[in-house]
Amino acid sequence: MGDVVNLNRFRKQKAKEERAAKAAENRVVHGRTKAERTAEQQRQDRQAADLDGKHLDPDDEA
């Protein structure tokens, strides 16, 4: 025979796990200071500009 499962407890446990996952996601997204966000944005901008500078133009291959 299988174990008896309290569906109310199961439902509440599932909701609690979903809230915990959402909280962890929000901590990642919103858990940085403005200085950290701007530094990260500047790093990404520099990286993108560096990558764009390394593209080869089809006209330059000749």
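These legends walk through several close-up views of a predicted model of a protein.

**Figure 1. The whole chain: two helices and zero strands.** Start with the full picture before zooming in. The C-alpha trace of the protein spans about 75 × 35 × 10 Å along its principal axes. The radius of gyration of the protein is 24 Å, whereas a compact globule of 62 residues would have one near 11 Å. Keep those two values in mind as you look at the burial of the residues: of the 62 residues, 0% count as buried.

**Figure 2. The surface and its charges.** The accessible surface of the protein comes to about 6,300 Å². Carbon and sulfur atoms account for 53% of that surface. Turning to charge, you can look for 14 positive and 13 negative side chains. The centre of the positive set and the centre of the negative set lie 19 Å apart.

**Figure 3. A nonpolar patch formed by Val5, Leu7 and Phe10.** This view takes us to the surface, where these three residues together have about 350 Å² of accessible area. Leu7 has its place in helix α1. With a relative accessibility of 63%, Leu7 counts as exposed, because the cut-off for exposed is over 50%.

**Figure 4. Lys12 in helix α1.** Helix α1 covers residues 7-30, and Lys12 is found in this helix. Lys12 counts as exposed, because its relative accessibility is 52% and exposed means over 50%. Now look from Lys12 across to Gln47, which is 35 residues apart from Lys12 along the chain. The C-alpha atoms of these two residues are separated by 45 Å.

**Figure 5. Ala23, another stop in helix α1.** Is Ala23 buried, partly exposed or exposed? Ala23 counts as partly exposed, because its relative accessibility is 30%, and partly exposed runs between the cut-offs of 20% and 50%. From here, find Gln44, 21 residues apart from Ala23 along the chain. The separation between the C-alpha atoms of Ala23 and Gln44 is 26 Å.

**Figure 6. A salt bridge between Arg43 and Glu40.** The structure holds two salt bridges, and this view shows one of them, in which the side chains of Arg43 and Glu40 meet at 2.7 Å, N to O. Why are Arg43 and Glu40 separated by about one helical turn? The reason is that they are three residues apart in helix α2, which covers residues 34-53. Arg43 counts as partly exposed, with a relative accessibility of 36%. Its partner Glu40 also counts as partly exposed, at 25% relative accessibility.

**Figure 7. A salt bridge between Lys54 and Asp50.** Here the side chains of Lys54 and Asp50 meet, with a distance of 3.4 Å from N to O. Lys54 lies in the segment after α2. What about the exposure of the two partners? Lys54 is exposed, with a relative accessible area of 60%, whereas Asp50 counts as partly exposed at 44% relative accessibility.

**Figure 8. From Lys54 to Gly2.** For the last view, stay with Lys54 in the segment after α2 and look for Gly2, 52 residues apart from Lys54 along the chain. How many ångströms separate the C-alpha atoms of Lys54 and Gly2? The separation is 63 Å.

Notes:
Residues numbered from 1 in each chain as written. Predicted model: local features only at pLDDT ≥ 70, side-chain atom pairs only at ≥ 80, totals over all residues. Heavy atoms only, no water. Helix = DSSP H or I, 4+ residues; strand = E, 2+ residues; numbered from the N terminus. Buried < 20%, exposed > 50% of the residue type's maximum accessible area, 1.4 Å probe, protein only. Salt bridge = Lys/Arg side-chain N within 4 Å of Asp/Glu carboxyl O. Rg over C-alpha atoms; globule rule 2.2 N^0.38 Å. Areas by Shrake-Rupley, 256 points an atom, 1.4 Å probe, with all protein chains shown as cover. Lys, Arg positive; Asp, Glu negative; His and termini not counted. Charge placed at Lys NZ, Arg CZ, Asp CG, Glu CD. Patch = residues over 30% accessible without salt bridge, like charges linked within 9 Å, V, L, I, M, F, W, Y side chains within 5 Å.
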